[in-house]
Amino acid sequence: MKRVSSSRRTVLQLRLQKASLSLSSRYSRRLISRNSTLSEDKVQIKTYHKPESCGRTVQVSDYIRYHYNGTLLDGTLFDSSHTRMRTYDTYVGIGWLIAGMDQGLLGMCVGEKRIITLPPFLGYGENGDGSDIPAQASLVFDVVLLDLHNPKDEITVEAQSLPDHCPRKSVVGDFMRYHYNGSLLDGTFFDSSYSRNRTYDTYIGKGYVIAGMDQGLLGVCVGERRRIVIPPHLAYGEEGTGTKIPGSAVLVFDVHIIDFHNPSDTVEITSVKPENCSNNTKRGDFVKYHYNATLMDGTYIGSTHTFGKTYDVVLGAGQVVIGMEQGLIGMCVGEKRKLVIPPHLAYGERGVDGEVPGSAVLVFDVELVDLEEGLPEGYMFVWNSDVTPNLFSEMDKNKDAQVDATEFSDYILQQVKEGKGRLAPGFDPQRIIENMYDNQDRNKDGRITEDEFKLKADEAAAHDEL
Ligand SMILES: [Ca+2]
Ligand SMILES: [Ca+2]
């Protein structure tokens, strides 16, 4: 359905009103005399309140919800939807109503208040209706329109506000976090994620939310705001839901897209490399880097700059989230990267209490400051040169045919100091050496004999993982 934009519609209406005003003042006498003769057989409409914005008016075959007081000409109240505390819900213009109302409700906007006066033959005619409406009664309806849609309506998207940068638009199967304010068409508030102080999180296009929302959240950008107007057949239908959404209600959602991702998303890396960028990070390397972390909407999460020192980790050692491990691989010192990390590679559905919301996409601006090359995968100590054949006796400094913890530790540290061996960077050397020692001391008696040493000789320098 194509619609005249609300501003244009308002201008048109104002012009029409002006035209009729000037007509009525110029030809007022003639109009009055004509009115008095016509008043008997025509519906009379008097609008006494019109809302500021009126994007759409009641057309034949629309379905509307309205409140009314029905009175006789002498003011006797014969019926009221207000006393029943529920709107009157009906199709208009196709014979569901008495003829006078079928005519009198046309052209109304939501929020408009009218007095509709109809002659007997457009009401209940010669027979009247029950005990309340006598024969040949003219009827006066004081009406306020609350809701309006057509069964042919699709959702409409209004008041769009797009971010400057939109690298990707949402598709079916994305997981989205968004805020919303929900109201009825007459402005009655029914729900808000803001009042709960947390985003609404859901997969989209999969039937987890009402059909109209599933449609309205497709093709959006992160950071976008839009108003999604959903007719009842794509929302909660004729039944409505809860106490706040009546049957056949059109729903208006003002949404703000905080972020979305797809479960198949990987880390998105945008890189700025320095001119000289040769030595690249790999698993096992000890790296020092700065970062600024935010959510997709710019919400601050944390920064190394606030502490004035780098964040230091061994790549592949599980010291940071998987997405960060991946995002830091292949970097050279001086390189800057922007990493967009989906939640399944960061803090997951649970997030970090008080810091990172559940299912949040994270944005890291990182800069690699220092890189110390790691040992081959699985090694905590390696020899830089050939191992001496007299390793045991060199270690056994006091020659008591066993190597104690101090002898072992002193010896390893001496080798490192002289450049003959290397410990894995980024870990506490003492802990590595303790582990190595423990590994050699097969019977766990706190000393290493030559036999234990030989048994372990092949692995001695190798898989002493922490
Ligand atoms: Ca000894
Ligand atoms: Ca032992």
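Ile-432 counts as partly exposed because 18 C-beta neighbours lie inside 10 Å, where a residue is called buried if 20 or more other C-beta atoms, placed from the backbone, lie within 10 Å of its own, exposed if 12 or fewer, and partly exposed in between. The model is predicted, and local features need pLDDT of at least 70, side-chain atom pairs count only at pLDDT 80 or more, and totals for chains, interfaces and linings use all residues. Residues are numbered from 1 along each chain as its sequence is written.

Ile-432 belongs to helix 10, residues 429–440; helices (H or I, at least four residues) and strands (E, at least two) are DSSP runs numbered from the N terminus. Its C-alpha atom is separated by 8.2 Å from that of Phe-381, 51 residues apart along the chain. An unreviewed UniProt entry carries the annotation "domain: EF-hand" for residues 383–418 and 428–463, although such annotations may be inferred rather than shown by experiment. The span 383–418 is 50% helix and 8% strand, with its end C-alpha atoms 11 Å apart.

Elsewhere, the largest nonpolar core (buried Ala, Val, Leu, Ile, Met, Phe, Trp, Tyr and Cys residues joined through C-beta atoms within 7 Å) has 47 residues, and those with the most contacts inside it are Ile-64, Leu-145, Ile-230 and Ile-257. At least two residues of this core come from each of several strands, including strand 2 (63–72) and strand 12 (251–261). Domain 2 (39–149) and domain 3 (156–261) each give this core at least three residues, the domain bounds coming from an automatic or database domain assignment. A second, separate core of 25 residues includes Tyr-289, Leu-345, Val-361 and Leu-371.

Notes
Chains are lettered from A and ligands numbered from 1 in the order in which they are written.
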